[in-house]
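Q: Please take a close look at the salt bridges in this model. Which side chains pair up, and how exposed are they?

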Amino acid sequence: PGEVDLSAHVAFGELATAARGAGAFAWGPLAQGELLTRLGAEIRLARLCAARPDKAERLREGLARLLDPARMGQLFLVLALTGDDAPPPGFAAAERCAA
């Protein structure tokens, strides 16, 4: 983890359509910053900083980069695929992809 960049340019609409054609459900896309916030990234940051005060500033800077809309928070999007129609963690029922 953290050693490899897994980002890619993805045609989310086409991917969601193909997934639905195979029987899956698609959710999103949702901005990375929004999803990480919903999943409790800031709570996790507080716990990590408490456990590793020597790394706290670096951890804060890293999360800020991931969440900041002017940086990676809006630049990267997330599409989730599931096998049933229950929204995955971080996604709301209304965010099921209909495209």
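A: The salt bridges are taken one by one below.

This is a predicted model, in which local features need pLDDT of at least 70, side-chain atom pairs count only at pLDDT 80 or more, and totals for chains, interfaces and linings use all residues. Residues are numbered from 1 along each chain as its sequence is written, and side-chain values use heavy atoms, with hydrogens and water left out.

The structure has 4 salt bridges (a side-chain nitrogen of Lys or Arg within 4 Å of a carboxyl oxygen of Asp or Glu). One of them links Glu95 to Arg38, at 2.7 Å from N to O. Arg38 sits in helix α2 (residues 32-38) and Glu95 in the segment after β2 (77-82), so this pair ties together parts 57 residues apart in sequence. Helices (H or I, at least four residues) and strands (E, at least two) are DSSP runs, numbered from the N terminus. Glu95 is partly exposed at 21% relative accessible area. Arg38 is partly exposed too, at 37%. Here buried means under 20% relative accessible area, exposed over 50%, and partly exposed in between (1.4 Å probe, protein chains only).

Next come Arg52 and Asp54, whose side chains form a salt bridge at 2.9 Å, N to O. Arg52 is partly exposed at 40%. Asp54 is exposed at 59%.

Arg60 and Glu57 also pair, with their closest N and O atoms 3.8 Å apart. Both lie in helix α4 (residues 56-67), 3 residues apart, or about one helical turn. Arg60 is partly exposed at 42%, and Glu57 is partly exposed at 48%. Elsewhere, salt bridges with shared partners join Glu34, Arg38 and Glu95 into one network.
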